Amino acid sequence: QGLAAGFLPGEGPKARKLILDEFGRELDEEGNVVPLKAQVVSTLKINQNREKDAKVQKLLGVKKDGIDESYVDPSLRTNQRTDRPRRRTFRFLEQGALVAKEQSIVKRLQEKASGEKEKEDKKKGKKEEKKEDKKEEEERVEVRKIEPKITRRDPVPDVEWWDLPFLKEDVNGQKKAYTEVNVEKITPYVEHPIPIKITTEKEVAEASMMHLTPKERKKLRRLKRQERTQEIRDKIKMGILQPPPPKVKMSNLMRVLGDEAIADPSTVERKVRSQVEQRRKEHEQRNEARKLPAEERKAKKKQKWLAEGEPTTQVLAFKLKDLSNKRHLFKIDMNAQQFHLTGACIVCPGVANLVIVEGGPRAIKRYKKLMLRRIKWTEDQKDDDDDDDDDDNEEVTAPKLQDHCTLIWEGVVKNKNFKNWKVTHARSEQEARKTLSDRGAEHYWEMLARFRDGRLDI
């Protein structure tokens with residue numbers, strides 16, 4: 001091979017020495033760095049074809065997209081798309097650059113702080129100057145002396161005017177020595193002086209009582225209850241009150257107790273039931289304690305029916321056809337007493353029966369409903385017709401007028417004629433009139449005599 005290549009025997013191509021520097025770069029014999037060619041290895045056919053096309057376009061002077069460079073104006077700006085974004089490189093800082101930046105920032109802050117201090121000193125100096133000027137002006141103003149007002153008073157008398165009536169008099173009517181006191185005029189009674197009304201002070205008008213609607217009262221009660229609950233919660237949070245134990249019921253038994261309920265369910269259930277019973281008893285005890293005593297409850301109920309605040313009194317007058325049934329008479333009497341009504345029930349067989357009641361609007365309304373609707377006046381009457389009569393003998397008649405209890409008058413009076421309620425049995429009309437005239441209510445009997453039911457004219 002050496003002969004064929006033109007070399008003499010014993011001579012051949014010598015291999016070049018490989019010289020590397022300290023960085024591992026290859027050097028030639030003169031010591032210069034040998035540039036390395038980038039070796040592109042393309043194994044795919046498509047990459048090899050792209051490289052060939054690029055070389056051909058470079059030789060022909062054609063740019064991408066098949067455009068000739070001779071027809072392109074480089075002064076025009078066009079949107080050139082890049083295949084891949086530009087990579088970011090490292091940005092190296094010079095030594096001491098950050099320290100110099102920090103020093104400049106500190107210097108700027110110091111200058112700013114010193115400028116603010118100078119402004120504050122100037123403001124303080126101006127304030128002090130203003131204070132000094134005010135002091136000088138006050139010193140210039142002359143101080144006036146305050147002179148007390150001297151008021152002349154009458155000399156103190158030997159005896160005050162309110163003590164003169166209790167001294168003894170001589171024959172001429174003059175008072176004797178001031179030491180002699182008329183003991184007869186001294187009594188155990190206390191003399192109260194007439195109060196003098198001060199005209200300078202304005203009379204404060206009494207605030208009218210504000211009446212709330214049921215909806216407003218309900219809202220006010222709810223807000224007060226919320227305030228009480230929130231106050232208890234705050235005390236529990238501050239540690240003043242102990243938190244209440246958990247309210248265990250049969251429904252939340254497993255959720256509250258958990259493992260304890262699973263371990264011994266019978267004991268836990270017995271314990272929970274006893275707690276529920278204890279809570280129920282405490283609730284009933286609180287309700288009983290909140291209830292009014294029997295006497296106060298009775299007085300409150302009486303006050304409800306009396307309606308003493310009303311300026312007028314309502315009156316009802318009834319005409320009764322028959323009061324032979326003692327059950328009806330008992331209902332009339334007991335209801336009048338329970339409603340705390342005043343008046344009279346005059347029973348005069350063969351003549352007339354009259355019921356007069358006086359009271360408040362609430363009681364009168366209830367009693368009117370009792371007399372006209374609730375009491376069944378015909379419950380003891382027996383039918384005269386026999387049930388075994390033939391249908392042919394029956395005659396169709398109009399329904400009878402119900403005149404067992406008739407309201408003859410309803411109105412309002414200023415003062416009551418009766419002090420209490422009483423049932424009176426009269427033998428004659430004169431006795432009934434006398435009973436009413438003693439109480440100034442004889443006109444009710446005259447109303448009864450003149451009354452005619454308007455339903456009879458229909």
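1. How many bridges join S3 to strand S5 (residues 352-359), and in which direction do the two strands run? In this predicted model, seven bridges join S3 to S5, and the two strands run antiparallel. One of the pairs that can be followed by eye is glutamine 314, whose bridge partner in S5 is glycine 359.

2. Strand S3 also pairs with S6, to which it is joined by eight bridges, and here too the strands run antiparallel. A reader who wishes to locate this pairing may start from valine 315, whose bridge partner in S6 is glycine 411. Strand S3 itself, which spans residues 313-320, is mostly covered, with six of its eight residues buried.

3. Within strand S6 (residues 405-413) sits threonine 406, which counts as buried because its relative accessibility is 8%, a value that falls under the 20% cut-off. Leaving aside residues up to four places away in sequence, threonine 406 touches Ala317, Phe318 and Lys319, and also Phe451, Asp453 and Arg455.

4. Helix H8 has 13 residues and reaches 18 Å from its first C-alpha to its last, which is close to the 18 Å expected at 1.5 Å a residue. At the N-terminal end of H8, asparagine 325 acts as a cap, with a side-chain oxygen lying 3.0 Å from the backbone nitrogen of arginine 327.

5. Which residues of H8 are buried? They are His328, Leu329, Ile332, Asn335 and Ala336. These residues lie on the same side of H8, because they cover an arc of only 145° around the axis. On the face turned away from this buried side, H8 carries the exposed residues Lys326 and Phe330. The cover over the buried residues of H8 includes the strands S3, S4 and S5, together with helix H9 (361-374) and strand S7 (421-425).

6. After H8 comes histidine 340, whose phi is positive, near 55°, and which lies in the loop between helix H8 (326-338) and strand S4 (342-348). The sign deserves a second look, because most residues other than glycine have a negative phi. Histidine 340 is not a glycine, although it has the positive phi described here. With a relative accessible area of 29%, histidine 340 is partly exposed, since this value lies between the 20% and 50% cut-offs.

7. As for the chain as a whole, the protein has eleven helices and seven strands. Of its 458 residues, 15% count as buried. Among the contacts between residues at least 6 apart in sequence, 61% join residues that are at least 24 apart.

8. On confidence, the chain averages a pLDDT of 80, and 78% of the residues score at least 70. Among the elements of the chain, helix H3 (residues 214-238) has the highest mean pLDDT, at 95, whereas helix H5 (residues 259-263) has the lowest, at 78.

9. Two stretches call for caution in reading. Over residues 1-5 the pLDDT stays under 50, and the model has two contacts beyond four places in sequence for them. Over residues 388-393 the pLDDT likewise stays under 50, and for these residues the model has zero contacts beyond four places in sequence. Where pLDDT is low, the predicted coordinates should not be read in detail.

Notes. Residues numbered from 1 in each chain as written. Heavy atoms only, no water. Helix = DSSP H or I, 4+ residues; strand = E, 2+ residues; numbered from the N terminus. Buried < 20%, exposed > 50% of the residue type's maximum accessible area, 1.4 Å probe, protein only. Contact = heavy atoms within 4.5 Å. pLDDT = per-residue confidence, 0-100. Pairing = 2+ DSSP bridges. Expected span 1.5 Å × (residues − 1). Arc of directions from axis to C-beta. Polar contact = N/O pair within 3.5 Å; in protein donor to acceptor, adjacent residues only side chain to side chain.
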